[in-house]
Amino acid sequence: MKVIGVDVGGTFTDIVLTDSSTTEIAIHKIASTPDDPSIAVIQGIAEICERCGVAHADIAHVFHGTTVATNAVLQYRGVQAGMITTAGFRDIVHIGRHQRPQHYSIMQDIPWQARPLIKRRYRKTVTERLTPPNGEVLVPLNEAQVRQAALELHEAGINSIAICFLFAYLNPEHEERAKSIVKEQCPDAFVTTSSEVSPQFREFERFTTAAMNAFIGPLVREYVENLEQALQTENIRAELHVMCSNGGVATAKTISQLPINTMMSGLAAGVLGGAWVGELAKRKNVITFDIGGTSADIGVVTDGIFAEASARDTFIGGYPIMVPMVDVHTIGAGGGSIAYLDDGGGFKVGPQSAGAKPGPAAYGQGGIEATVTDANLVLGRLDKGNFLGGAMDLDAGAATEVVQRMADRLGIPLLDTAEGITTLLNSNMANAIRARTVQKGIDPRDYALVASGGAGPLHGAEVARILEIPEVIVPPYPGINSAMGLLTTDLKYDIIQTSFLLSTAIDFQRLNSGFADMEAQLRNQFVTDNIDLDATRYLRYTDIHYVGQGYELRVPVPGGEVNEETIQETLAAFHALHHSEYGHSFPDSPVEFVNIRVTGIGPMPKIGTPTVASGGSLDKALVKRDMTVFRLEEHLDEYETAFYRRGDLPLNTGIPGPAIILQTDSTTVVPPDCSITAASSGILAIDVGRNK
């Protein structure tokens, strides 16, 4: 079965073609088309099929990672949306929780106030009220007011409406009725309810999540529908599945209804790609480390399972949202990061970036500021004639000129300046990894570092050295690892209910009924998606905290009937997780079960282990020998370095550093005190020698 993975980035669109019944893999890169990303997607698929001799009709599945939703929020370029909410709660999405993102700043940016997802004049109120704890109707919905609100929004040109009522997470009756009325008044409108997007307590976050779904909904729906139509036009009858923030994929129809699930789509795929590479290397504990031109994305995989963001950490563009999300941490650090002196004379690198254009000075497109790429070229760690497989010649003179200009300002030698730029970047990235590991009770020394992206293998060994990580793993195709990750996942849906049950008074009937109802909903979804129910599986979780705490931790719940033994097992797991997260736990304190969740998983065809040609040799792989610069034991020195073509390396043979490994989509740097091995599984493994 032939399947394709397509990941759309800001500069390039990456395509992977594989046959799930064999180990054949083909890759392709094409320039992205930001005005309409689907153009590059279709063109890239057509080109890789032509190159591999694959008929369009033979493609069974297309798995797609998209930035349409994320970019719309980050760039504040969604649609003009409206809201219908409970009388008296019009300003919930503006007031928030009176929590300042930066406690002591009087000039801080508060996104939901400075850039509201729904402007106040488009937020309408109606009379209705439900009451806890079971969502009984206290005040009936005033349907006439809903019709009037819908009419006013329609006359104002609003074609995307969020319906957000108080306590709708306990009972969606009023929201569903209001949605029906709005659809009667505005048949073409995109209408979303808070209870279908995020049926959880916390009004501000739930309302904001629904508002964001309305803000991006029409854009994502139009994009997905256009892409499906374009695939059909090209005789690509494949099923389109879109990567979601929870680490799974969903059907195009589901995404059209709940586009907010595509937030961080490509970044989630990158973590999955890192986990797949860990499996190739037989490593269950890996830190994924994806560096592009502008940013570095960091994820953690423990025992083969990626970490999920908690409710207190799920923000997009500064807006809190409540959807299941892979825990990915992004910082402004990449090959295009600019070196500069701040107002106090401090030497800094990033987060400002030269971007794709003009890009680093080495690209020869007019860049005038020193970047990380320029520094690596000055240090000899990039081969100016073998960048992007020889498709681009780097301008060493321009790179030297901009780095020398910075050196003159600092009053230090050229090579010290270049090495200082890379050291600052590496330190920034190491600190970001510490924030996701050490600060969460995880020892990075027990993990391998998966270095991917165009610049990840350039910096992986030195970042690992800072953190005392013993091994760096470089994927078979590091520059398109996110596209590879798309082909490692399954169809995945999440359902949640707010429960509010105390450990001292568990209602077992309510818990069992809740889990059963959610699993039935997921089975119905899989039937709609034509998935064999015998192949599906269901995972149960609960969000719980000690009574009085403000945030929860997510803990797995054993399958089968929930009974006293199940509860005790779940509580033990919670106490252990709390101790791991915070350094303490209170086993004798009462615990509150806030939410119960079920994740349904339907199997999808996956990428196999890549086939690696054998019979290479160092003599065959050698491109040249040249001088490169490294700092060891506080001494900056030049070293004679071998430059090798990755595809011609001998397998399972240790190669001492210093060495530079060249391939089309990335360059791998092996410092002098390290060694590297090309494994038969397709990965490169760097032994970070100083950490022994």
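Mentor: Two strands count as paired if DSSP finds at least two bridges between them; the strands (E, at least two residues) and helices (H or I, at least four) are DSSP runs numbered from the N terminus. This is a predicted model, where local features need pLDDT of at least 70 and side-chain atom pairs count only at pLDDT 80 or more, while totals for chains, interfaces and linings use all residues. Residues are numbered from 1 along each chain as its sequence is written, and side-chain values use heavy atoms, with hydrogens and water left out.

Trainee: How many bridges join E32 to strand E33?

Mentor: Start with the layout: E32 and E33 form a hairpin with five residues between them, and glycine 682 in the turn has a positive phi of about 105°. Within the pairing, isoleucine 676 has isoleucine 686 of E33 as its bridge partner. Strand E33 covers residues 684-687 and runs antiparallel to E32, and the number of bridges joining them is four.

Trainee: Which residues of strand E32 point to one face and are buried?

Mentor: In a regular strand the side chains alternate between the two faces of the sheet. E32 (residues 675-678) shows this alternation, with Ser675 and Thr677 pointing to the other face and not buried. Buried here means under 20% relative accessible area, against over 50% for exposed and in between for partly exposed (1.4 Å probe, protein chains only). The buried residues are Ile676 and Ala678.

Trainee: Which residue in E32 does proline 656 stand opposite?

Mentor: Look at strand E29 (residues 654-656), which pairs with E32 in the antiparallel sense over three bridges. Proline 656 stands opposite a residue of E32, and that residue is serine 675.

Trainee: Why is one side of two strands left without a neighbour in the sheet of order E6-E5-E9-E10?

Mentor: This is an open sheet of four strands with parallel pairing. One side of E6 (123-126) and of E10 (190-193) lacks a neighbour because these strands stand at the edges, each with a single partner strand.

Trainee: What angle does the direction of helix H8 make with that of E10?

Mentor: Inside that sheet, E5 (residues 82-86) and E9 (residues 160-164) run parallel and are joined by four bridges, with methionine 83 partnered by alanine 162 in E9. H8 (residues 203-233) packs on the sheet, touching E5, E9 and E10, where contact means heavy atoms within 4.5 Å. Axes are lines fitted to C-alpha atoms, for helices over the stretch in contact, and angles run from 0 to 180 degrees between N-to-C directions. For H8 and E10 the angle is about 155°.
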